[in-house]
Amino acid sequence: MPRPVPTDHILLRGGRLIDPQIDLDTVADVLVSHGEIAAIGEDLEAPKGAVVIECAEKLVTPGLVDVHTHLRQPGREDEETIASGTRAAVHGGFTAVCAMPNTDPIADEGAAIRFIVETAEQEAYCRVHPIGAITAAQKGEALAEIGDMCAAGAVAFSDDGRGVQRAGMMRLAMDYARTFDATIVAHCEDESLVGRGVVNEGVVSTRLGLPGWPKAGEETQVARDLRIAELTRCRLHLAHLSTAGSIALVREAKAAGLGVTCEVTPHHLFLHEDAIEADYDTNLKMNPPLRTADDCAALRQGLLDGTVDCIATDHAPHARHEKALEFELAPFGTTGLETALPLVATHMVATGEATWAQVVEWMAAGPRRSLSLPKVTLEPGGMADITVIDPEAQVVVSEDWFESRSANSAFLGDKLLGKASEVLVGGRLVLRNGKVVDQ
Amino acid sequence: MLQTRHIIDIQDLTADEVALVLDTAESFKEVNERRIKKLPTLRGRTVVNLFLEPSTRTRTSFEIAAKRLSADGINMTGSASATVKGESLADTASTIAAMACDLIVVRHKYAGAPRILAEKMDSHVINGGDGMHQHPTQALLDLFTMREAFGKLEGLTVGIVGDICHSRVAGSLIPALRMVGATPVVVAPPTLLPARPDVLGAEVASTLDEALPDLDVAYMLRVQMERAEGMPFPSVREYARFFGMNRARLDTMKPHAKIMHPGPMNRGVEISADVADSDRAIVLDQVNAGVAVRMAAMYLLLGGEAIA
């Protein structure tokens, strides 16, 4: 949570307001006062001392949320911190991130959640919602103190980074989570099928002689967890789905009335396994791995038909020297907070595949709905978490451009169109003219 | 001379260059039959054998090849566990690069490791086997041996039998056979096949017994228990029964057909002792060709003078 608002009034003048939650798509001014939206209308007058931001030709949207971020603090502050990770978040247009618990130590108790909440209050540039571990030390053997963590501010529970291996353990967790109306976020990976897999099992695993990570390693746990959610009536959110088969399973479950949500990542939407060539670029090593072009198409179709609720980054910063290891030894993951919005803008909006209203649904409304975060709408009285997007701004993805402490991006060198120019968190201006405002 | 700076993937070479390596190796094979088996060709050049995974035959073969060309050869061995402790491969590469070597031969537990070396140093790199990926000089020496045995390569049908999915030998040999106009056929239980053998260029036969009558060569691979996750077949006995080469199976093959094996052989598993010791097996010819082919690869990469 940001500290007190330094500016009493901010006037966003002449932007195109887009909020599909209230069927809003109109050009108007937005006046933010004392952390809330005070007024929306044409030709609003700026109060004395107000900061006026010209938003002509720009889009004004509810603040974007990333439900899947690795902030690495505590434990790997060389890779990212709550401060640097949230700088990256606001640079990418986000007003809130959900921090995954696979830190060192793992966030599996109330004190660990309080550490994140308290550090974020002091140091973060945007809101940080901690996610706690499902099982103690993410070992999949015994429940973590889910109730204590809820009381400390955890918004959901996940053993992200690993699948919960035993179905009985997942059933226990989903039953128990209902006590606190908590959401379980499932990382679906059956280790007995995946083994040492590092790339999609198929063309690339064969060509490069790398252990394969088969699609069934994800889909069997997706199918299992959907059934357990049906059994327990626990809220389930499926993380980083990567295959056409997983999307089909969720589509079927939703059609049957199950209250499940799911996310896909920009790298699974816009990259496929053919990108991994003889240079063994470890920035393309992800978990789950990049799949095939057909899977990419199925993920996009899932977004367009509402099967997929949101886009999440799975921002996974890693030290340069660790990504420089042999492919099989290098850690999994790509950074993503700063490239997510430009990628979606470039590959889906500029191409006419999607509208900006859909992007707001996938990156602002859908994420909040998935993890039951407070709703944010562009209405008077609403919380002033706002993202202003310049759809014509050009981005060349380079190491120097990142605010993140790490530069292990799968998209280095890409030329993209569209990015956040201003971000307001609780009425506080944290990004202006595309630059992070030092706090 | 070769267009490529490195031989990491067999497809770093063109089909013409593969032929050039084999032809050059013919000359070196003749040198290896002399009493004085030494040429001054690479005098003053430094060849580092960086073997970060246990190997006796490949390392020895490269070492002898370097010595016969009068290069200064240095062996570096160790384990490839670039974990938290120890130096990373990238740092090892920079360290060796700082010592100004001309050629690195690398054997490594993980696929892609030779690329890390090639990026970090100016030297030429020969892949002496990387993980489950490739082992291009093995494919070249196998082609050399087949050409010697049959007088040609085009039109041969070569059955590669056994642990294909963990085999860097198959990873290079299958595309190499395609390059020279031969037909590779893989035979193995699906637990030992890669996901997409077609990507490498191989046809897949359902059983060994069906495949054998069509083959000119049965290339038996060693079962690599150390790389498998879980036993990929119920027992050695059952494996030998369905996928092992034995006298009865040999008798179903064409009269001129040959048996090959990259070594070391597990006698009684993928090949019976009597077949291994029969004159149909040309396993030692492969070893012999290895030195000449590696001399040719080193010579052509380092751009040596005409052969004396």
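**Close-up 1. Tyr280(A), a buried residue with a positive phi.** In this predicted model, Tyr280(A) is buried, with 24 other C-beta atoms within 10 Å of its own. That count earns the label because 20 or more such neighbours make a residue buried. Have a look at the backbone here too: phi of Tyr280(A) is near 50°, a positive value in a residue that is not glycine. The residue belongs to the loop between H9 and H10 of chain A.

**Close-up 2. The cis peptide bond between Asn287(A) and Pro288(A).** Asn287(A) and Pro288(A) are joined by a cis peptide bond, and its omega is about -5°. Pro288(A) sits in the loop that runs between helix H9 (266-270) and helix H10 (293-304) of chain A.

**Close-up 3. Asp23(A), an exposed residue with a positive phi.** Here phi is near 55° for Asp23(A), again a positive value in a residue other than glycine. Is Asp23(A) buried or exposed? Asp23(A) has 8 other C-beta atoms within 10 Å, so this residue is exposed; the cut-off for that label is 12 or fewer. To find Asp23(A) in the chain, go to the loop between strand S1 (9-19) and strand S2 (24-33) of chain A.

**Close-up 4. The cis peptide bond between Gln73(A) and Pro74(A).** What is the omega of the cis peptide bond joining Gln73(A) and Pro74(A)? For this bond, omega is about 5°. Pro74(A) is in the loop of chain A that lies between strand S6 (64-69) and helix H1 (82-91).

Terms used
Residues numbered from 1 in each chain as written. Chains lettered and ligands numbered in written order. Predicted model: local features only at pLDDT ≥ 70, side-chain atom pairs only at ≥ 80, totals over all residues. Helix = DSSP H or I, 4+ residues; strand = E, 2+ residues; numbered from the N terminus.
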